[in-house]
Amino acid sequence: MEGQSYANTEIIQQVSSGSSPPPFLNLLKIHRELLVSKIRNTQCLIDNLIKNEYFSTEDAEIAAQFPTQADKVRKILDLVQSKGEEVSEYFIYILQEVSDAYYELQPWLDEIDFHPSQNIQNKAVVNTDPVSRYRQKLKYELARDTKFVMSYAQKEEMLLEETYAASLIELVSYTNESLGKVSCLEDLFDDRIGLINEDGETIYVFGDAGIGKSILLQKMQNLWARGELDVGAKFFFRFRCRMFSCFKENEAICLKDLLFKYNCYPDQDPEEVFNHILHFPHTALFTFDGFDEIHSDFDLSSIPEICSPNEPTHPLALLVNLLSGKILKGSRKVLTARTGTEIHQNIIRKKVLLRGFSSSNLKEYTKNFFRDEACRVLMSNQLEANPSLCSLCSVPLFCWIIFKCFELFHSMFDSQELPNYSVTLTDVFLLMTEVHLNRILKTNLLKKNTRSQVETFRSKKETLFSLSKIAHVGMEKSLFIFDQEEVTSLNMSEQDLHLGFLRTVHDCGGYGDQFSYEFLHLTLQSFFTALFLVTEEKLDTKVLLKFFAECSSTETAPSTCLPISWLRKRPIGEDPFRNKEHFHFTNLFLCGLLSKDKEKLIRHLVSPAAIKRKRNALITYLLESMKFQLQNLMRAKLKGYKQIQVMPNFVWMLRCIYETQSEKLAKLTVRGMRANYLKLTYCNAYSSDCSAISFVMQHFQKHLGLDLDNNNINDYGVKQLLPCFNKLAVIRLNVNQITDHGVRVLYDELSKYKIVTFLGLYNNQITDVGAKYVARLIEECSSLTYVKIGANKITSEGGKCLALAIQKSKTMYDIGMWGNQVGDEGAKAFAEALRNHPTLTNVSLAFNGITTEGGKIIAEALQHNNTVKIFWLTKNAIGDEAAERFAEMLRVNKKLAHLWLIQNQITAKGAKYLSEALQENTTIKEICLNGNLITQEEAKAFANEERIICF
């Protein structure tokens, strides 16, 4: 081995020095076994050697007779070496030129610093490797298909590269707790970040409708096609889950059919390409978009489980086996679905939550969308002036709709502004519908279009009826793809089909060139379904409210999808692929279309009597439903409050009430509330939902506690809460992407009313700027006694401001600063605040970069404090000298009950100081020293002192 290593070095040095011609024949001899193990395809080598007359057909036949690939490579090497230096050089040149086929040898070629002679470079090399040519074809097709983003009418295309804007992407645990942000798409495949199950093979991406799941996959596909997604994937297969609904019950396909027939077919030797994928599954990457959109009555338990890639089975069974790793184990899969589509933990490798646009993302998207600066400024001003509109724009789909409508209004109409009142989702979709209908109506080319919304809808009434009928037919069955026959039966004209509401999809069932149709987006189908419910004259109440019934089942957890055998048992007859969000959106639009504000428009599509009858039925249902929910929600008693814990369905009901814009309904809703503390944690509430919350809760007659922890509220949502700040005594906004701008709004509003007692801002994006606003609120608002502002970006500057405000406050009870970076300077300021403070009881400065010096100052200050009972200094850098000062403090301070010094740098020496001090202090209940520099053996010395906890 040593001799071989020496020889390798000598040869590489020779090649690098350029002092003599490269001994290519020797290179093949020395690295023979490496070449044998890395060369997967021999045919390409043989083809090129024959073409350049280095090999005869007899040579090729000799090499081909060996049964294994490795033996074939060995024989080819023998033949090449027997023919001398030039053939050996050309052999290496093939490996270099056909890099797709011999990608595993590229590092070796770099190592030997291979540079072919001019003579060799003049000889042609043709890639005849079917595997690498298939990879090239996949890249070409993906690059072509993902280059553009198709707009509504499918008549204009926008470059993905120019229009794509990143959104907030978060890696989460099984219980949706944050595990960190995704900074680039490669992070999704990096097991060092966010891995929750090393045995799982599927990266599960979820988020609300319109949040950007499909465009994220398109970006991923485009980057791979351009060679800019460095995740080691050689093959990229993309599928839309809707296609699996198109297959008949008796249809069966094998894995090869799925990859080649329904994705991309190899031009050469499909068998070899397929075998390569089977042998190297880790090189294959799959994306499956819209798992929740599969609709099937097919019972997977009725067929035998087939785990062979070569045996045909039902396409749904094949999909399940792929996701679970029973087929092509080791391949990587990215699966998208809407929120609430929970699949079994066993198959999930990572769980990824899409949160939509942050304020910076929205600015980037606005810049990308509006190339004209004047138009961009106008749109930005509109967003700034209308928080309701701005909140809707945090969802990329709705943002796209709003921007497109603004752009068209700007070019077609006299008005350059969108509505500046409280904008509902129904308003946005009506606006989009109006814009598209106006596109096909005849106008005078010399004049701007002044046609009213009423005139537009009335003139295209039959088109709207046709679209609403097909939407309703699909919604009743949770079907999202319509075949040509279904569309034709509704007498839809060719012009109607190309309005932009529907788009064509190729038939997946293999029936020639026939097209099927789907709505541009799921929410659009929900909108037209609601329009059908409103405009169908003789529709009875049961049918009108049918989709509310679909969503009204008692919630104990988010609705689940695919409860089949490998997930969980399901009731007989239940659709295993059902998710309820499309029903929720239908209900939402129904409320909006039946609102009094829309009656002026809707009465031209259906009789006023029918509108009144349906509206009364809807209002009655909403009131009864809210009353039932409020009576049956989980209740708890807090100090001074009666709390109810609501479920996600409650948020949807609030959204529905907001869509009605009925003040009367909102007042009647809060009148039925027996609690004064509303807990909306983990309800997947977005900034736009704060419009609905404040629309209802502003009518509450007493002070209110509002807990919105662990949602996606952000700064826009804080602005939307303005109408109810005069009621809020408790406001919890922990883990909500709030920045200094949102904190400024909180200060401006809460300081007006001075009733807030609890402010929760833990784990947001707050810097020293925001900390100063919180400090001013503490100073000006004596009612404020609890402040939780940990896990932000606060340094010593912000820490000093907060400490000074606390020092001045005579009412502050609890300050939580865990996970900032106030350091010793901040610790010194908090120490001054502690001295003789009259009310401060709980203090956390854990994980704040405090060293022994800061610890000593805090310990000394606590000698002059008689109120603090709990003090957390976990995860700092406090050593024995500070421990000695804390021991001195304990001899004086007889009020402190809990001192947490977990995960610091205290040794047995420091623990001894503390233990001895306890002999003179019977008040303190515990000193926690877990995770310090104390061994189990050393901890035995303190075994008799139960209050010292080392392990």
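Let's start with helix 32, residues 663-671, and helix 33, residues 689-697, which pack with their axes 8 Å apart and at an angle of about 75°. That angle makes helix 32 roughly perpendicular to helix 33, because anything from 65 to 115 degrees counts as such. I should say now that this is a predicted model. On the helix 32 side the contact uses E663, A666, T669 and V670, and these meet F695, V696 and M697 in helix 33. Sorted by type, the residues of that contact are 5 nonpolar, 1 polar and 1 charged.

A second helix pair is next. Helix 22, residues 461-476, and helix 25, residues 522-535, have axes that come within 7 Å and cross at roughly 110°. So helix 22, too, is roughly perpendicular to its partner, helix 25. The list of residues here is long. From helix 22 it includes L464, F465 and L467, and from helix 25 it includes F528, L531 and F532. How do the residues of this contact divide? There are 9 nonpolar, 7 polar and 1 charged.

Now the sheet. It is an open sheet of 7 strands, in the order 4-3-9-5-8-7-6, and the pairing is mixed. Which strands are at the edges? They are strand 4, residues 178-181, and strand 6, residues 235-240, and each of them pairs on one side only. From one strand to the next, the twist averages 25°. Strand 6 runs parallel to strand 7, residues 284-289, and 6 bridges join the two. To pick out one position, R240 has D289 in strand 7 as its bridge partner. A helix also packs on this sheet: helix 15, residues 315-324, touches strand 5 (202-207), strand 7 and strand 8 (332-338). The direction of helix 15 makes about 125° with that of strand 7.

One single residue, then. Y265 sits in the loop between helix 13 (255-261) and helix 14 (270-279). Is Y265 buried, exposed or partly exposed? Its relative accessibility is 48%, so Y265 counts as partly exposed, since the class ends where exposed begins, at over 50%. Leaving aside neighbours within four places in sequence, Y265 is in contact with Y134, K137, F260 and P270. Of these, K137 is 128 residues away from Y265 in sequence, yet their C-alpha atoms are 8.8 Å apart in space.

Last, the interior. In soluble globular proteins, nonpolar side chains tend to be buried together. In this model the largest nonpolar core has 261 residues, and F403, I858 and F871 have the most contacts inside it. Helix 19, residues 396-412, gives the most to this core, with 9 residues. Another core, of 35 residues, lies apart from it; L35, L49, L95 and F114 are among its members.

Two of those well-connected residues lead to one region. F871 touches, among others, L834, V843, I858, L862 and W900, not counting residues up to four places away in sequence. I858 is also one of the buried residues of helix 39. Helix 39, residues 852-862, is mostly covered, with 8 of its 11 residues buried. The buried set is not just nonpolar side chains by name: it includes T852 and K856 as well as A859, A861 and L862. What do these buried residues pack against? They pack against helix 38 (823-834), strand 22 (870-872) and helix 40 (880-890).

Key:
Residues numbered from 1 in each chain as written. Predicted model: local features only at pLDDT ≥ 70, side-chain atom pairs only at ≥ 80, totals over all residues. Heavy atoms only, no water. Core = buried A, V, L, I, M, F, W, Y, C linked by side-chain atoms within 4.5 Å. Buried < 20%, exposed > 50% of the residue type's maximum accessible area, 1.4 Å probe, protein only. Helix = DSSP H or I, 4+ residues; strand = E, 2+ residues; numbered from the N terminus. Contact = heavy atoms within 4.5 Å. Pairing = 2+ DSSP bridges. Axes fitted to C-alpha atoms, helices over the stretch in contact; angles between N-to-C directions. Parallel < 35°, antiparallel > 145°, perpendicular 65-115°, else oblique. Nonpolar A, V, L, I, M, F, W, Y, C, P; charged D, E, K, R; others polar.
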